[in-house]
Amino acid sequence: MFGSMGNFDNRDNPSEAFIQDISRRYPGERETDELLVRKMRLRSSPPYKRPTLAELSTCLQKMLEEKIQGDFQVRDQSWFTGGVSKIQMGFTLHWIDPRRGPSVDRLVIRMDPSESSNTTSRAREFELLNLFEGIIPVPRVFWLDPKGEWFPEPALIYAFADGVTKPKTTATGKVSGLGTVFGPELRKQLAPQFIKHLGTIHSMKTEDKVFTTMDHPQIGGTQSALWQLNRGRRIWEEDRGEDYALMEVASNWLERNLPTLDHASIVHGDYRSGNFLFEEATGQMTAWLDWERGHIGDRHRDLAWTTQTTMGHYSEDGQTYYVCGLVPLNEFYKRYEDASGLSVDPDRLYYYKVLNSYQILCSAMATAYRVARLGKSHQDILLTRVKGIAPAVSLDLARLLKERL
Amino acid sequence: MDVTENGLRAAVKSLTDVVAPAINPNDPLAAEQLKLVVDYLEFVRGRLDFLCYRETFELRDNLALARAIQNSGAIISPENKSLLESSIETGTAVLSSHELKSNVIRLAAFEIAAVVREVIRESASYEESIRRKLETLVLEMSVDRITFDRAWYLPLGFDPSPKEVPHFVEVAEKNR
């Protein structure tokens, strides 16, 4: 009675031909391709099993025995919450740092689950955190296990950063810090840092640097936007369990309207409240986290992401929209241009708003579904819930597309 | 009598009264996930009586879009045209059946959505006015589906304007 066109079960156990076909159809960065191929090849492996603190500590011990010359001790291991896509364990390391001598460091292991809601590279995070150390507040990175040699999956170890993601008294920002209300005092202190750091990230020169994980897209062409579009389309093909006509229209529009890249920036990928820490007493930012979606590309990708309505909130009188709860939207772009020395192009911004909505739907409707269905992560129950974000994002996407179809 | 709803109530009570106090305070992920599990069970309990209703809405919605595309005047390739016709035929037959089964309704809806997908992909090569007409159709007809889903998932707390969302039954009944 029914054909197989609407059946996506083959994604549970994809054939090599299927994997290669998708890889070929949606070219992008080399590392992204490797990561997604690895994801698909491992997909039929058993569901994720949560390691105990003791098991993870054993992995850590073995790694440190190879990385550290001399005695060391690992203490105070504990789980951290807050990582939707990564597993995080805190610990204290007593050791002799060759740079500083005898040291006691509070550190964090950040490790992939069997399959993440966001297939990204710990090596890229490591590289970006290293790049910005001493330039903007980021945790110092210590060690990397890029292929899961010591840990069950790829992992990196970095310094624990003090601070909070939102004021202790607020009831807002429950979901990953989205829509956090900081209040007037903190806004005044945090907003200038928020803009300055974004300007610093985007204006960092990339052409004179060699990266092991990130490819340089061509300036003056559409390759940068195409890579990002293809990442979304590929994930949609690999992970979804249902079709959605709106996504097809969006995909067509995005391909027809690829913008050219005028300046290659480092793009953070998830620049928003919830992803920076600050000291509540002083309003000083202490760390920018979650660089896993970082890449070299178009700054408008970050700008469109940061200014999404789900990231910030309106003032009580409904008149002023605060970008990430910090900067009035009508001031944001001008202040960003002043801080970065880079222009904001409304057309590119519009394009990346569409692309961001498309990519969020790929994650919320496709990846979250597949990962939870196969029991692949430490947060399956949360990923199941994430489907609830899809209707609001769909509404944004449909409205945006209607403007410029 | 089916007792699933009662079972869900009991599961929530057990998790809240017995399991939650026994959770290791040094395992914040366990406490966080327990709350998510309880919330999700409550969500399912609230939707239990409407699961088949939802499947039917989706099938009806997909059928409406497929028929609109069929009547749009677009020159669809013979292969996709034939697939579209047969999926509409099957969906219509399922919908008018006296024995509505959730899995059959879902499969019929998925089949139509898959054929629509192929037509939209194909439309990238259509003449511009026809392509725009098809894409506009999809956007216009997505409104009901989006509104229904906003209402369906409202208890999960992600909607930025919850006050403007009608009850999902209201959405589904509007276009019957």
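**Exercise 1.** In this predicted model, determine which residue of strand β5(A) is the bridge partner of L107(A), and establish how β5(A) is paired and enclosed.

*Solution.*
1. The bridge partner of L107(A) in β5(A) is A159(A).
2. Strand β3 (residues 101-111) of chain A pairs with β5(A) in the antiparallel sense, over five bridges.
3. Strand β4 (residues 141-145) of chain A also pairs with β5(A) in the antiparallel sense, here over four bridges. In this pairing V141(A) stands opposite Y158(A).
4. Of the five residues of β5 (residues 155-159) of chain A, four are buried; the strand is therefore largely enclosed by the rest of the structure.

**Exercise 2.** Check the length of helix α12(A) against its expected span, and identify what covers its buried residues.

*Solution.*
1. Helix α12 of chain A comprises 15 residues (390-404), and at 1.5 Å a residue it should span 21 Å.
2. Its end C-alpha atoms lie 22 Å apart, in agreement with that expectation.
3. The buried residues of α12(A) include P391(A), V393(A), L397(A) and L401(A).
4. Their cover includes α7 (245-256) and α10 (346-373) of chain A, together with α6 (128-152) of chain B.

**Exercise 3.** Describe the side of chain A that touches chain B.

*Solution.*
1. The contacts involve 33 residues of chain A and 37 residues of chain B.
2. On the chain A side, the elements giving two or more residues are β1 (72-79), α7, α11 (380-386) and α12.
3. The most comes from α12(A), with eight residues.
4. By character, this side of chain A divides into 17 nonpolar, ten polar and six charged residues.

Terms used: Residues are numbered from 1 along each chain as its sequence is written. Chains are lettered from A and ligands numbered from 1 in the order in which they are written. This is a predicted model: local features need pLDDT of at least 70, side-chain atom pairs count only at pLDDT 80 or more; totals for chains, interfaces and linings use all residues. The expected span of a helix is 1.5 Å times one less than its number of residues. A residue is buried if 20 or more other C-beta atoms lie within 10 Å of its own, exposed if 12 or fewer, and partly exposed in between; C-beta atoms are placed from the backbone. Two residues are in contact if their C-beta atoms, placed from the backbone, lie within 7 Å. Two strands pair if DSSP finds at least two bridges between them. Ala, Val, Leu, Ile, Met, Phe, Trp, Tyr, Cys and Pro count as nonpolar, Asp, Glu, Lys and Arg as charged, and the others, Gly among them, as polar.
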